[in-house]
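Please read the following report with the sequence and the model side by side. It begins with the whole chain and then turns to individual residues.

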Amino acid sequence: MKILLVYPHYPDTFWSFRHALKFIGKKAAFPPLGLLTVAAMLPAAWDKRLVDMNVQPLSDKQILWADYVFISAMTVQKESVNDVLARCRRLGIKTVVGGPLFTAAPAEFDSADHLVLGEAEVTLPRFLDDLECGQAEHSYVSDQWAEMRETPIPLWNLIDPSKYAAMNIQYSRGCPFDCEFCDITQLFGRKPRTKSTAQLTGELDALYAWGWRDGIFLVDDNFIGDRRKLKQETLPAMLAWMERHNHPFAFFTEVSIDLADDPDLMDLMVRTSFEEVFIGIETPNEDCLSETGKVQNKNRNLLECVKKIQHAGLQVQGGFIVGFDSDPLSIFERQIHFIQESGIATAMVGMLTALRGTKLHQRLFKEGRLLGDTSGNNTAVALNFIPRMKAETLINGYRSILTSIYAPKNYYRRVTGFLREYRPLKRGSFHVKPGYYGAFFKSIVMLGVIGKERLQFWKLFFWSLFRRPRLFPLAITFAIYGYHFRKITEKMNWNGMFDASGIEHT
């Protein structure tokens, strides 16, 4: 059997880092971990190839080579998915689809030959058994959660590592929190399920033996969901592995804000070479946090929590949302002020989106406020529900946030403020990563000579070079990130909105 695994193209968003990746000669931030894992579940004797459309185009010749085309995707890749499915139908090649996009809305992809929904560890074996017997069904679903101890090591040899900025590993699935707008608990449940420490270190072994010596993103929805096991088993095992191998990797992951309550856990993460964490901060407005069930963020000083995590030696990336029913007109200025004061350089701000399967989607449907499906891109100006705030006011306010926080003067001031306080753990001598010399010289030309941020760039350049020389590479990295965020902001279509005429706002 010849299997072509296809990862569809995703649009240019804040999360793509596409403009930043050009500086280091990379095509995509991360490889398609789900497809690589599925590939490892297929019979070893089968011939497997993978095409990541974010790295290379998909040709008809590649499709025609295959007996089956396996497709996995997220909501934001929907447009590309439909194109791939249409091409496969035209060429007469059967398709097998799975992943978050298809699990959330299977009826929209009935044209696929086989839908293998939910977690592959549960439904894929049934499909493969039926396929072998020549009686594969159209759809495979299950209400069971997978046992992650059965998850194999991804088939890394299917990709070219030089095309990616970092590799990725999944340690756990599920999140103990159940925020109204989030679909994680619907997809993976509220009880975190984890791999064994032997599995996790086995994946580190595989990446190390493969020759990888750079960043690894632990893609868990909440890495600290099972804090007891993390502190007693997982992190100690990772730390021991890293020390035996002279710390070849730098880790980053997603956590909840309550990480700030546990200095011992932060210290252990830093010693294990964790450098960055993404946190869903969402909003400084307490009423909005109550509205959306973000209990872990309530009744705490969010700014102080961010500072605690930064002072522990971890960079904080933050997610922010506007468009909650409880948002006052002052929310836009409050969000700008919070982001500037926090020193969060990578501030991902989006308008609220009603994803299928979420409590928010269900509530808005009952209230008659849904306007259609979502693109999955929460940084797009395309609300799929009727907001309480006047739509025009919300759009203009959202625009004011992005244009303000990513204006060169504000962005570089935020970066400098963070670097002034940041004290990462010292570990040996600094080693320049492949491609970073080129990025350095490209940044001088693109940002220091051509770019509209050149004044701020040179101020940061010399300040960090003489005042914080150990953080000079990080300063240049942040400068490049700022260029990407500004380019995305400039390219956004602020008129890409539903027709709000005639809508009554309460």
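The text below describes the overall build, then the aromatic rings, and then a few single residues.

This is a predicted model, in which local features need pLDDT of at least 70 and side-chain atom pairs count only at pLDDT 80 or more, while totals for chains, interfaces and linings use all residues. Residues are numbered from 1 along each chain as its sequence is written, and side-chain values use heavy atoms, with hydrogens and water left out.

## Overall build

The protein has 19 helices and 14 strands, where helices (H or I, at least four residues) and strands (E, at least two) are DSSP runs numbered from the N terminus. Its radius of gyration is 23 Å, close to the 23 Å that the globule rule gives for 506 residues, so the protein is as compact as a globular protein of that length. That radius is taken over C-alpha atoms, and the globule rule is 2.2 Å times the number of residues to the power 0.38. Along the principal axes, the C-alpha trace spans about 65 × 65 × 45 Å.

Of the 506 residues in the protein, 57% are buried; buried means under 20% relative accessible area, exposed means over 50%, and partly exposed lies in between (1.4 Å probe, protein chains only). The protein exposes about 21,700 Å², of which carbon and sulfur atoms supply 53%; accessible areas come from the Shrake-Rupley method with a 1.4 Å probe, and for residues only the protein chains shown count as cover. Among contacts (heavy atoms within 4.5 Å) between residues at least 6 apart in sequence, 77% join residues at least 24 apart.

The protein has 60 positive and 56 negative side chains, and the centres of the two sets lie 8 Å apart. Here Lys and Arg count as positive and Asp and Glu as negative, without His and the chain ends, and the place of a charge is taken as NZ of Lys, CZ of Arg, CG of Asp or CD of Glu.

## Aromatic rings

The structure holds 38 aromatic pairs. Rings of Phe, Tyr and Trp (its six-membered ring) pair if their centres lie within 6.5 Å, and planes under 30 degrees apart count as stacked, over 60 as edge-to-face and the rest as tilted. The rings of Tyr-411 and Tyr-412 have their centres 5.8 Å apart and their planes at 85 degrees, so this pair is edge-to-face. Both Tyr-411 and Tyr-412 are buried. Phe-440 and Phe-441 form another edge-to-face pair, with 5.2 Å from centre to centre and 70 degrees between the planes. One aromatic cluster includes Tyr-411 and Tyr-412 together with, among others, Phe-14, Phe-17, Tyr-406 and Phe-485.

Phe-440 is found in helix α17, which covers residues 436-450, and apart from its neighbours within four places in sequence, it is in contact with Phe-461, Phe-472 and Ile-476. From Pro-152, Phe-440 is 288 residues away in sequence and 38 Å away in space, C-alpha to C-alpha. Phe-440 is partly exposed at a relative accessible area of 22%, whereas Phe-441 counts as exposed at 52%.

## Single residues

Glu-291 lies in helix α11, residues 286-291, and counts as partly exposed at 21% relative accessibility. Not counting residues up to four places away in sequence, Glu-291 touches Glu-180, Phe-324, Asp-325, Ser-326 and Arg-363. The C-alpha atoms of Glu-291 and Glu-180 are separated by 8.2 Å, although the two residues are 111 apart along the chain.

Four loop residues are set out in the table.

| Residue | Loop between | Relative accessible area |
|---|---|---|
| Asn-246 | α9 (227-244) and β11 (250-255) | 65%, exposed |
| Ser-273 | α10 (263-271) and β12 (274-282) | 5%, buried |
| Ala-105 | α5 (100-104) and β5 (114-116) | 7%, buried |
| Arg-388 | α14 (359-366) and α15 (391-405) | 31%, partly exposed |

Most residues other than glycine have a negative phi. Asn-246, which is not a glycine, has a positive phi of about 60 degrees, and Ser-273, also not a glycine, has a positive phi of about 80 degrees.

Ala-105 and Asp-129 are 24 residues apart in sequence, and their C-alpha atoms are 25 Å apart in space. Arg-388 and Phe-324 are 64 residues apart in sequence, with 7.8 Å between them in space, C-alpha to C-alpha.
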